[in-house]
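Hi,

Here is the structure I promised to pass on to you. Have a look at it first, and then read my notes below.

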Amino acid sequence: VLGLLLLSLLQRELSQKGMVIPTPRMLSELRGIQEATQVLQADPSTPGACTCTTTLTRMNHDQARMFDILDLDRLLGSGVLGNTKSRQRKPHPATV
């Protein structure tokens with residue numbers, strides 16, 4: 001019941017800002033908004049020192065509009081937007 005209420009509130013907020021969209025499509029578009037975090041070694045001479053950069057994946061027009069209307073930029077970096085992480089594995093010493 002709480003989930004349906006939250007969906008209704010999201011849909012209402014979008015509708016009040018002029019974006020009328022069916023619930024299944026709204027969910028599909030919101031699911032497609034993701035953030036990616038890139039972790040790079042800052043200085044090879046300093047073990048453990050790294051730099052993290054978080055960016056959004058490419059959004060279509062409707063996703064960008066919903067992102068603005070719902071003020072989702074306040075959630076950036078929190079992991080709420082479906083954090084997409086890429087991990088690189090070091091090769092096993094036996095295979096080098």
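**Where to be careful**

This is a predicted model, and pLDDT stays under 50 over residues 83-96. For that stretch, the model has seven contacts beyond four places in sequence. Over the whole protein, the mean pLDDT is 80, and 79% of the residues reach 70 or more.

**The core and helix α3**

Which residues make up the largest nonpolar core? There are ten of them: L14, M19, I21, M26, I33, M66, F67, I69, L70 and L72. Helix α3, residues 61-69, gives the most to this core, with three residues.

It is worth following α3 from its start. There, a side-chain oxygen of N60 reaches to within 3.1 Å of the backbone nitrogen of D62. D62 is itself buried, as are Q63, M66, F67 and I69 in this helix. The buried residues of α3 pack against α1 (2-16), α2 (23-31) and β2 (50-56).

Next, click on M66. Leaving aside residues up to four places away in sequence, M66 touches L14, M19, I21, M26, E29 and L30.

**Just past the helix**

D71 comes just after α3 and takes a positive phi of about 55°. L72 lies in the loop between α3 and β3 (84-85). Is L72 buried or exposed? L72 counts as buried because its relative accessibility is 12%, and buried means under 20%. Although L72 and I33 are 39 residues apart in sequence, their C-alpha atoms are 9.8 Å apart in space.

Enjoy exploring!

Notes. Residues are numbered from 1 along each chain as its sequence is written. Side-chain values use heavy atoms; hydrogens and water are left out. A nonpolar core is a set of buried Ala, Val, Leu, Ile, Met, Phe, Trp, Tyr and Cys residues joined through side-chain atoms within 4.5 Å. Buried means under 20% relative accessible area, exposed over 50%, partly exposed in between (1.4 Å probe, protein chains only). Helices (H or I, at least four residues) and strands (E, at least two) are DSSP runs, numbered from the N terminus. Contact means heavy atoms within 4.5 Å. pLDDT is the predictor's confidence in each residue, from 0 to 100. A polar contact is a pair of N or O atoms within 3.5 Å; within protein, one must be able to donate a hydrogen and the other to accept it, and residues adjacent in sequence count only if both atoms are side-chain atoms.
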